[in-house]
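Please open the structure in your viewer and follow the stops below, selecting each group of side chains as the text names them.

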Amino acid sequence: MRQSYAKSRNLKRFLSVAIGKRRNSSEINEMEISHLRPGWRCFSYEEILKATDGFHKDNLVGWGGYAEVYRGVAEDGEAIAVKRLTRASSDEQREKDFLTELGAVGHVRHPNVSALLGCCVDGGLHLVFEFYSRGSVSSNLHDANSPPIAWKLRFDIAVGTARGLHYLHKQRRRRIIHRDIKASNILPTESFEPQISDFGLARWLPSEWTHRAVAPIEGTFGCLAPEYFTHGIVDEKTDVFAFGVFLLEIVTGRKPVDGCHRNLLCWARSYLNDGIIETLVDPRLGEEYDMGQLKRLIFAASLCTRPTATLRPSMTEVIRC
Ligand SMILES: Nc1ncnc2c1ncn2[C@@H]1O[C@H](COP(=O)(O)OP(=O)(O)OP(=O)(O)O)[C@@H](O)[C@H]1O
């Protein structure tokens, strides 16, 4: 039997958050109205079934802890990615995370944030995104069979991701903390414009709150800020820390935690402290990098990964580095 979520309590709660509470028109200026207007639509189950060829296994392009992502072609010919909650993880918490993702991405519009095209709540929970055919920054960086990503692209990916994060933290009425910034959640477009994706763990941060405490502690080992890892404290600096690790990953071509459980930040720390930055560069790049840009990325990475959250820069300061 097809499950319908249209009447679920979660969905009703989500819709009031995603579309925004009704306010007097005098309270909303024109800029805000265009901001509130959702840029996405509801897809029918039949539409996404047709687009993905019935969720054919050949169209499966990725999966994570609780979702599968399928490539598809919409009726207008646009390439789409359909993310669906896997049946095995259809418990209430996962459903909430999924709706959280819809609530967060449904509100954002930025050249460096993954663009939501719509959702479908029939036959399960589905989010529909623009399709990015280049895989993730992680798959591009670590695929031994592909040529190494050129330095200029790495630098542009770092800058674009910083801009996207700055937008989420600083340019919105309600701050969004992503909580899972990492190379596998940054998807380059055809022209290598990085897109921050996967808002399943994202949290709103009301302006009157300095931080929030969350449980359980979720995210990716090797990218977790110490105060989050030990006390569950989440604020912008949680993402800033993970962004610092992401910068190190881009520069070094090493994973945050490798197959031998070696931690990238621990390994890099002594080189950062001693200022021996050439040693950090991905050996596959040889001499093919720009020293000025390397210094900027390493400087930003060392500030962002400071153990004390208050000593880390904001994303406004990072993009000025
Ligand atoms: N818009 C997209 N276009 C192309 N591929 C995508 C898109 N969105 C996601 N993917 C692919 O699917 C994978 C899993 O997606 P995503 O990270 O959103 O799932 P998840 O279940 O939330 O993962 P996680 O366990 O990391 O939280 C990504 O790493 C990426 O390879």
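Begin by selecting Arg-284, which at 37% relative accessibility counts as partly exposed. This is a predicted model, and every stop on the tour concerns a charged contact in it. Add Asp-282 to the selection: the two residues form a salt bridge in which the closest N and O atoms are 3.2 Å apart. Asp-282 itself counts as buried, with a relative accessibility of 3%, a value that falls under the 20% cut-off for that class.

Next, go to helix α6, which spans residues 151-170, and select Lys-152 and Asp-156, which lie four residues apart there, about one turn of the helix. Their side chains meet in a salt bridge, at 2.6 Å from N to O. Lys-152 is exposed, its relative accessible area being 56%, whereas Asp-156 is partly exposed at 32%.

Now select Glu-190 and Arg-134, whose closest N and O atoms are 3.5 Å apart in another salt bridge. Because Glu-190 sits in the loop between β8 (186-188) and β9 (194-196), while Arg-134 belongs to the loop between β6 (126-130) and α5 (137-142), this pair ties together parts that are 56 residues apart in sequence. Glu-190 counts as exposed, at 52% relative accessibility, and Arg-134 as partly exposed, at 30%.

For the last stop, select Lys-83, Glu-101 and Asp-198 together, since the display should show three residues that are linked in a network of salt bridges. To continue from here, note that the count of salt bridges in the model comes to 13.

Definitions and conventions. Residues numbered from 1 in each chain as written. Predicted model: local features only at pLDDT ≥ 70, side-chain atom pairs only at ≥ 80, totals over all residues. Heavy atoms only, no water. Salt bridge = Lys/Arg side-chain N within 4 Å of Asp/Glu carboxyl O. Helix = DSSP H or I, 4+ residues; strand = E, 2+ residues; numbered from the N terminus. Buried < 20%, exposed > 50% of the residue type's maximum accessible area, 1.4 Å probe, protein only.
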